[in-house]
Amino acid sequence: MAPTLKKLLPFFLFSIFSFSPISSHHHPLDPLTPPEFNIIRSIVLSSYAGSNHNLTFQYVGLDEPDKQDILSWLSNQTTTNYSPRRAFVITRLNKQTHEIILDLSTKSIISDKIYTGHGYPVLNMEEQTTASELPLTYPPFMESIKARGLNISEVVCSTYSVGWFGERKSSRVLKILCYYTNGTVNIYARPLEGITVVVDLDEMKIKEYHDKLKVPVPKAEDTEYRLSEQKPPFGPRLNGATILQPKGPGFVIEGHTIRSVFTV
């Protein structure tokens with residue numbers, strides 16, 4: 001794992017996926033399973049064989065059945081006649097956004113459309129990590145760090161979207177903000193102000209760079225937030241709270257379905 005990703009890992013929120021078997025779906029809206037993700041990846045990569053070297057997955061999720069199909073299943077849950085299990089996939093390939101629908105039962109692509117509207121798909125972790133590391137080997141940035149008397153090995157960077165403000169034509173770019181970690185684990189307390197870095201994600205290159213002014217980096221003192229590292233005196237303690245459920249919780253979880261429990 002790259003050093004930058006290790007330092008930023010506590011600040012990323014990862015999605016949690018269910019690990020239910022592919023053959024057991026108790027509800028038409030059950031999320032995709034890991035085996036299904038593998039099937040989807042294989043189908044998409046095979047469909048672009050020979051030209052998938054720059055293909056990236058931006059989103060993979062369930063293509064939800066029509067409401068009428070779900071209501072029909074709910075009215076007779078003993079049936080094994082499920083609606084076709086489909087997935088909706090968004091990829092980037094050759095600077096274009098593809099919206100793909102796959103049929104998992106036939107392992108085939110139903111539709112593949114190129115999105116031509118405004119905006120771009122969500123970011124994935126791989127491209128954010130790569131983009132955040134570009135400044136660390138970019139000579140002008142390295143010179144800016146040196147001019148501030150800082151150690152480049154103590155610098156980490158993070159990515160931020162720039163938004164869309166009605167431009168008829170825009171690029172898929174990220175703004176990179178960097179921080180100084182020396183003496184603290186709270187990286188956001190020591191930002192490197194005055195430096196602007198913009199990365200073009202399709203080219204994976206720094207598109208803009210500006211070092212407008214030198215702002216003193218905030219000191220590392222009193223930036224520790226971890227409970228294990230706190231020292232007395234501590235603040236006042238709050239009174240504890242107790243929750244009693246003599247008859248158990250008022251709900252039941254079955255797979256990915258939550259049902260209320262009523263007691264007469």
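What does the accessible surface of the chain come to, and what share of it belongs to carbon and sulfur atoms?

**Figure 1. Meet the whole chain, shown as a predicted model.** The accessible surface comes to about 17,800 Å², and 55% of that belongs to carbon and sulfur atoms. The chain has 264 residues, of which 31% are buried. Along the chain there are 5 helices and 10 strands. If we take contacts between residues at least 6 apart in sequence, 57% of them join residues at least 24 apart. The mean pLDDT is 87, and 88% of the residues reach 70 or more. Residues 8-23 call for some care, as the pLDDT there is below 50; this stretch has 27 contacts in the model beyond near neighbours in sequence.

**Figure 2. An open sheet is built from β1, β2, β3 and β4.** Its 4 strands follow the order β1-β2-β3-β4, with antiparallel pairing. At the edges are β1 (56-62) and β4 (108-115), each of which pairs on one side only. From one strand to the next, the twist averages 20 degrees. Helix α2 (residues 34-47) packs on this sheet and touches β1, β2 (86-93), β3 and β4. The direction of α2 makes about 135 degrees with that of β1. Look also at strand β3 (residues 96-103), which is joined to β4 by 7 bridges, the two running antiparallel.

**Figure 3. Thr-97 sits in strand β3.** Is Thr-97 buried or exposed? Thr-97 counts as buried because its relative accessibility is 6%, and the cut-off for buried is under 20%. Across from Thr-97, in β4, stands Tyr-115. Setting aside residues up to four places away in sequence, Thr-97 touches Ile-90, Thr-91, Arg-92, Lys-113, Ile-114, Tyr-115 and Pro-121. Another residue to find in this view is Tyr-120, which is 23 residues from Thr-97 along the chain; their C-alpha atoms are separated by 7.5 Å.

**Figure 4. Leu-29 lies in the loop between α1 (3-8) and α2.** Leu-29 has a relative accessible area of 36%, so it is partly exposed. With neighbours within four places in sequence left aside, its contacts are Leu-62, Glu-64, Pro-65 and Ile-70. Which distance separates the C-alpha atoms of Leu-29 and His-256? The answer is 8.6 Å, although these two residues are 227 residues apart along the chain.

**Figure 5. Another open sheet of 4 strands has the order β5-β6-β7-β8.** The pairing in this sheet is antiparallel. Its edge strands are β5 and β8, each pairing on one side only. The twist averages 30 degrees from one strand to the next. Between β5 and β6, which run antiparallel, there are 7 bridges. Two helices can be traced over these strands. Helix α4 (residues 125-133) lies across β5, β6 and β7, at about 130 degrees to β5. Helix α5 lies across β5, β6, β7 and β8, at about 30 degrees to β8.

**Figure 6. Strands β7 and β8 form a hairpin with 4 residues between them.** Strand β7 (residues 195-200) and strand β8 (residues 205-211) run antiparallel and are joined by 6 bridges. One pair to pick out is Val-198 with its bridge partner in β8, Glu-208. In this hairpin, Met-204 takes a positive phi near 50 degrees.

**Figure 7. The largest nonpolar core holds 18 residues.** In soluble globular proteins, nonpolar side chains tend to be buried together. In this core, the residues that touch the most other members are Phe-141, Val-155, Cys-157, Ile-176, Cys-178, Leu-192 and Val-197. Two or more residues come from each of α5 (139-147), β5 (155-161), β6 (173-180), β7 and β8. Strand β6 gives the largest share, 4 residues. A second, separate core has 13 residues, including Tyr-48, Leu-55, Ala-87 and Leu-93.

**Figure 8. Cys-178 in β6 stands opposite Cys-157.** Which residues is Cys-178 in contact with, leaving aside its neighbours within four places in sequence? They are Pro-135, Phe-141, Val-155, Val-156, Cys-157, Pro-191 and Leu-192.

Notes:
Residues are numbered from 1 along each chain as its sequence is written. This is a predicted model: local features need pLDDT of at least 70, side-chain atom pairs count only at pLDDT 80 or more; totals for chains, interfaces and linings use all residues. Side-chain values use heavy atoms; hydrogens and water are left out. Two strands pair if DSSP finds at least two bridges between them. A nonpolar core is a set of buried Ala, Val, Leu, Ile, Met, Phe, Trp, Tyr and Cys residues joined through side-chain atoms within 4.5 Å. Buried means under 20% relative accessible area, exposed over 50%, partly exposed in between (1.4 Å probe, protein chains only). Contact means heavy atoms within 4.5 Å. pLDDT is the predictor's confidence in each residue, from 0 to 100. Accessible areas come from the Shrake-Rupley method with a 1.4 Å probe; for residues, only the protein chains shown count as cover. Axes are lines fitted to C-alpha atoms, for helices over the stretch in contact, and angles run from 0 to 180 degrees between N-to-C directions.
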